[in-house]
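Work through the exercises below with the sequence and the coordinates at hand. Each task is followed by a solution in steps.

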Amino acid sequence: MLVVKALHISFVVAWFAGLFYLPRLFVNHAMVDDAATRERLALMEHKLYRFMTPLGILAVVLGFWLWFGYGDMFAIGGWLHAKTALVSFLIVYHLYCGRLMRDFAAGRNTRSHKWYRVFNEVPVLVLFTVVFLVVLKPF
């Protein structure tokens, strides 16, 4: 199970790298006016999304493996309920990033770079919360 845990942590780190960088690309994309730069950013966003999606899937699958491998961890405490809710939120966030990426590619973005700067901070807050939940198991 330690190998599964190590792989889970590695895939979570890699997935979060994508969750941190993709919205940052959106910030830049919302600020540019020339077509060549918009095309380049749309291509970068698409390639990053295609790369980070399997990483997120593997992180979640290995997380479930750990959950079932250690038995019924939901009986242990509410911290796992909170973590599971936050992971579910991250999955929705990831899918929403895909929608935003497609909107940019189609020229349908309606949000400002300032909105994307705030949107970019969401996974950071979730990461801190999840790490504290897992390490401290406060409830």
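The exercises go from the overall fold to the annotated sites, the helix packing and single residues.

The structure is a predicted model.

**Exercise 1. Describe the secondary structure and overall dimensions of the protein.**

Step 1. Count the elements: there are five helices and zero strands.

Step 2. Read them in order from the N terminus, which gives α-α-α-α-α.

Step 3. Take the extent of the C-alpha trace along its principal axes, about 55 × 25 × 20 Å.

Step 4. Consider burial and contact range. Of the 139 residues, 34% are buried. Among contacts between residues at least 6 apart in sequence, 75% connect residues at least 24 apart.

**Exercise 2. Find the "binding site" residues in the UniProt record and decide where they sit in the model.**

Step 1. The unreviewed UniProt entry lists His8 and Lys83 under "binding site".

Step 2. Compare sequence and space. The listed residues span 76 residues in sequence, yet no two of their C-alpha atoms are more than 14.4 Å apart, so they gather at one spot.

Step 3. Check the largest pocket: its lining takes in both His8 and Lys83.

Step 4. Assign the helices. His8 belongs to helix α1, residues 2–31, and Lys83 to helix α3, residues 78–105.

Step 5. Classify His8. Its relative accessibility is 12%, and because buried means under 20%, His8 counts as buried.

Step 6. List the contacts, leaving out residues up to four places away in sequence. His8 touches Ala59, Leu62, Gly63, Leu66 and Lys83. Lys83 in turn is in contact with His8, Val130, Leu133 and Val134.

**Exercise 3. Work out how α3 packs against α5.**

Step 1. Two packed helices are described by the angle between their axes and the distance between the axes.

Step 2. Helix α5 covers residues 122–136, and its axis and that of α3 come within 10 Å and cross at roughly 160°. That makes α3 roughly antiparallel to α5.

Step 3. Add the handedness: α3 passes α5 in a left-handed crossing.

Step 4. Name the residues that meet. On the α3 side they are Trp79, Ala82, Lys83, Leu86, Phe89, Leu90 and Tyr93. On the α5 side they are Val122, Pro123, Val126, Thr129, Val130, Leu133 and Val134.

**Exercise 4. Give the same kind of description for α1 and α3.**

Step 1. The two axes come within 11 Å and cross at roughly 40°.

Step 2. The crossing of α1 and α3 is left-handed.

Step 3. The α1 residues in the interface are His8, Trp15, Phe16, Leu19, Leu22, Pro23, Phe26, His29 and Ala30. They meet Lys83, Leu90, Ile91, Tyr93, His94, Cys97, Leu100, Met101 and Phe104 in α3.

Step 4. Relate this to Exercise 2: both His8 and Lys83, listed under "binding site", are among the residues where α1 and α3 meet.

**Exercise 5. Classify Glu39, Gly56 and His94 as buried or exposed, and place each in the fold.**

Step 1. Glu39 lies in helix α2, residues 35–69. With a relative accessible area of 60%, Glu39 is exposed. Its C-alpha atom is 15 Å from that of Leu100, 61 residues apart along the chain.

Step 2. Gly56 is also placed in α2. Its relative accessible area is 6%, so Gly56 is buried. Gly56 and Lys5 are 51 residues apart in sequence, with 15 Å between their C-alpha atoms.

Step 3. His94 is part of α3. With a relative accessible area of 5%, His94 is buried. Beyond its neighbours within four places in sequence, His94 is in contact with Trp15, Leu19, Tyr49, Met52 and Thr53.

**Exercise 6. Compare the "transmembrane region" annotation with the secondary structure of the model.**

Step 1. The unreviewed UniProt entry places this feature at residues 6–27, 48–68, 74–97 and 118–136.

Step 2. Take residues 48–68: the span is 100% helix and 0% strand, and its end C-alpha atoms lie 30 Å apart.

Step 3. Take residues 118–136: here the chain is 89% helix and 0% strand, with 27 Å between the end C-alpha atoms.

Notes. Residues are numbered from 1 along each chain as its sequence is written. This is a predicted model: local features need pLDDT of at least 70, side-chain atom pairs count only at pLDDT 80 or more; totals for chains, interfaces and linings use all residues. Side-chain values use heavy atoms; hydrogens and water are left out. UniProt positions are given in the numbering used here, feature names are shortened, and annotations may be inferred rather than shown by experiment. On a 1 Å grid over the protein atoms alone, a cavity is a set of points where a 1.4 Å probe fits but cannot get out, and a pocket is an open set with protein on both sides within 12 Å along at least five of seven lines; lining residues have an atom within 4 Å of a point. Helices (H or I, at least four residues) and strands (E, at least two) are DSSP runs, numbered from the N terminus. Buried means under 20% relative accessible area, exposed over 50%, partly exposed in between (1.4 Å probe, protein chains only). Contact means heavy atoms within 4.5 Å. Axes are lines fitted to C-alpha atoms, for helices over the stretch in contact, and angles run from 0 to 180 degrees between N-to-C directions. Angles under 35 degrees count as roughly parallel, over 145 as roughly antiparallel, 65 to 115 as roughly perpendicular and the rest as oblique. A crossing is left-handed if the near helix is turned anticlockwise from the far one by less than a right angle, and right-handed if clockwise.
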